[in-house]
Amino acid sequence: MSFVDRMKKIIQKSLEDSPVSSEQQLIKTKEYGKKNFLIRDISRLEKAMENKFIIIGNEVYSALMEKHLGTIDKETPEIKDILLDIMNLEKLISAKKILLKKVD
(Lines give C-alpha, C1' and ligand atoms only; values in the text may rest on other atoms or scores of the structure.)
Protein backbone atom coordinates (compact mmCIF):
# COMPACT_ATOMS: atom_id res chain seq x y z
CA MET A 1 0.00 0.00 0.00
CA SER A 2 1.45 3.33 -1.05
CA PHE A 3 1.76 6.40 1.13
CA VAL A 4 -1.06 8.17 -0.73
CA ASP A 5 -3.37 5.19 -0.30
CA ARG A 6 -2.62 5.03 3.43
CA MET A 7 -3.29 8.76 3.81
CA LYS A 8 -6.59 8.44 1.93
CA LYS A 9 -7.59 5.55 4.17
CA ILE A 10 -6.68 7.47 7.34
CA ILE A 11 -8.55 10.58 6.20
CA GLN A 12 -11.59 8.55 5.17
CA LYS A 13 -11.65 6.73 8.52
CA SER A 14 -11.33 9.97 10.48
CA LEU A 15 -14.20 11.51 8.49
CA GLU A 16 -16.36 8.46 9.16
CA ASP A 17 -15.49 8.46 12.87
CA SER A 18 -15.92 12.20 13.25
CA PRO A 19 -18.99 13.13 15.35
CA VAL A 20 -19.47 16.23 13.26
CA SER A 21 -20.28 15.80 9.59
CA SER A 22 -18.48 17.73 6.91
CA GLU A 23 -21.73 19.58 6.18
CA GLN A 24 -21.91 20.75 9.78
CA GLN A 25 -18.27 21.76 9.64
CA LEU A 26 -18.97 23.76 6.49
CA ILE A 27 -21.89 25.52 8.18
CA LYS A 28 -19.72 26.36 11.20
CA THR A 29 -16.97 27.65 8.94
CA LYS A 30 -19.44 29.95 7.17
CA GLU A 31 -20.75 31.20 10.52
CA TYR A 32 -17.23 31.96 11.71
CA GLY A 33 -16.55 33.74 8.43
CA LYS A 34 -19.64 35.92 8.86
CA LYS A 35 -18.72 36.62 12.47
CA ASN A 36 -15.15 37.57 11.54
CA PHE A 37 -16.39 39.81 8.72
CA LEU A 38 -18.80 41.60 11.07
CA ILE A 39 -16.11 42.09 13.72
CA ARG A 40 -13.72 43.56 11.16
CA ASP A 41 -16.47 45.75 9.69
CA ILE A 42 -17.43 47.08 13.14
CA SER A 43 -13.78 47.83 13.85
CA ARG A 44 -13.45 49.68 10.54
CA LEU A 45 -16.59 51.74 11.23
CA GLU A 46 -15.41 52.59 14.76
CA LYS A 47 -12.07 53.77 13.36
CA ALA A 48 -13.92 55.92 10.80
CA MET A 49 -15.98 57.42 13.63
CA GLU A 50 -12.82 58.19 15.61
CA ASN A 51 -11.45 60.00 12.56
CA LYS A 52 -14.67 62.02 12.30
CA PHE A 53 -14.26 63.07 15.94
CA ILE A 54 -10.75 64.30 15.16
CA ILE A 55 -12.06 66.22 12.16
CA ILE A 56 -14.90 67.77 14.15
CA GLY A 57 -12.45 68.80 16.87
CA ASN A 58 -10.31 70.56 14.27
CA GLU A 59 -13.35 72.29 12.79
CA VAL A 60 -14.56 73.49 16.20
CA TYR A 61 -11.12 74.84 17.04
CA SER A 62 -10.89 76.55 13.67
CA ALA A 63 -14.35 78.09 14.03
CA LEU A 64 -13.69 79.38 17.54
CA MET A 65 -10.09 80.53 17.22
CA GLU A 66 -9.55 81.40 13.58
CA LYS A 67 -13.02 82.48 12.45
CA HIS A 68 -13.86 83.99 15.86
CA LEU A 69 -17.34 82.53 16.05
CA GLY A 70 -18.88 83.18 19.46
CA THR A 71 -20.79 79.95 19.77
CA ILE A 72 -21.04 76.64 18.02
CA ASP A 73 -23.98 74.26 18.00
CA LYS A 74 -25.07 71.26 15.96
CA GLU A 75 -26.47 73.51 13.23
CA THR A 76 -23.17 75.32 12.64
CA PRO A 77 -22.33 74.73 8.96
CA GLU A 78 -18.73 73.77 9.69
CA ILE A 79 -19.75 70.75 11.77
CA LYS A 80 -23.31 69.90 10.70
CA ASP A 81 -22.34 67.41 7.98
CA ILE A 82 -19.68 65.80 10.17
CA LEU A 83 -22.22 65.30 12.97
CA LEU A 84 -24.59 63.67 10.50
CA ASP A 85 -21.80 61.35 9.39
CA ILE A 86 -21.08 60.42 13.03
CA MET A 87 -24.74 59.68 13.71
CA ASN A 88 -24.94 57.51 10.58
CA LEU A 89 -21.81 55.62 11.62
CA GLU A 90 -23.30 55.05 15.10
CA LYS A 91 -26.44 53.58 13.50
CA LEU A 92 -24.38 51.31 11.24
CA ILE A 93 -22.25 50.13 14.15
CA SER A 94 -25.35 49.37 16.23
CA ALA A 95 -26.93 47.43 13.36
CA LYS A 96 -23.73 45.42 12.81
CA LYS A 97 -23.50 44.63 16.53
CA ILE A 98 -27.08 43.34 16.49
CA LEU A 99 -26.22 41.12 13.50
CA LEU A 100 -23.13 39.91 15.33
CA LYS A 101 -25.23 38.87 18.34
CA LYS A 102 -27.55 36.92 16.03
CA VAL A 103 -24.60 35.05 14.52
CA ASP A 104 -23.37 33.97 18.00
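**View 1. Seven salt bridges are counted in this predicted model.** The count rests on a distance rule: a side-chain nitrogen of Lys or Arg lies within 4 Å of a carboxyl oxygen of Asp or Glu. The views below take up individual pairs, one network and a helix contact.

**View 2. Lys-28 pairs with Glu-31 inside helix α2.** The closest N and O atoms of this salt bridge are 3.8 Å apart. That distance falls within the 4 Å cut-off, so the pair qualifies. Helix α2 covers residues 22-66. Lys-28 and Glu-31 are three residues apart in α2, which means a separation of about one helical turn. How accessible is Lys-28? Its relative accessible area is 45%, and Lys-28 is partly exposed. Glu-31 is partly exposed too, at 31%.

**View 3. Glu-46 and Lys-97 form a salt bridge.** Their closest N and O atoms are 3.6 Å apart. The pair links distant parts of the chain. Glu-46 sits in helix α2, whereas Lys-97 sits in helix α3, residues 77-103. The two residues are 51 apart in the chain. Glu-46 has a relative accessibility of 30% and counts as partly exposed. For Lys-97 the relative accessible area is 39%, again partly exposed.

**View 4. Lys-80 forms a salt bridge with Glu-75.** Here the closest N and O atoms are 3.4 Å apart. Are these side chains buried, partly exposed or exposed? Lys-80 counts as partly exposed, with 36% relative accessibility. Glu-75 also counts as partly exposed, with 48%. The value for Glu-75 stays in the partly exposed class because exposed means over 50%.

**View 5. Three residues share a network of salt bridges.** Which residues are linked? They are Asp-41, Arg-44 and Lys-96.

**View 6. Helices α2 and α3 pack against each other in a left-handed crossing.** Their axes come within 9 Å. The axes cross at roughly 160°. That makes α2 roughly antiparallel to α3, because angles over 145 degrees count as roughly antiparallel. What kinds of residues make up the contact of α2 with α3? The contact residues divide into 20 nonpolar and 11 charged, with no polar ones. The salt bridge of Glu-46 with Lys-97 also joins these helices, with Glu-46 in α2 and Lys-97 in α3.

Key. Residues are numbered from 1 along each chain as its sequence is written. This is a predicted model: local features need pLDDT of at least 70, side-chain atom pairs count only at pLDDT 80 or more; totals for chains, interfaces and linings use all residues. Side-chain values use heavy atoms; hydrogens and water are left out. Helices (H or I, at least four residues) and strands (E, at least two) are DSSP runs, numbered from the N terminus. Buried means under 20% relative accessible area, exposed over 50%, partly exposed in between (1.4 Å probe, protein chains only). Axes are lines fitted to C-alpha atoms, for helices over the stretch in contact, and angles run from 0 to 180 degrees between N-to-C directions. Angles under 35 degrees count as roughly parallel, over 145 as roughly antiparallel, 65 to 115 as roughly perpendicular and the rest as oblique. A crossing is left-handed if the near helix is turned anticlockwise from the far one by less than a right angle, and right-handed if clockwise. Ala, Val, Leu, Ile, Met, Phe, Trp, Tyr, Cys and Pro count as nonpolar, Asp, Glu, Lys and Arg as charged, and the others, Gly among them, as polar.
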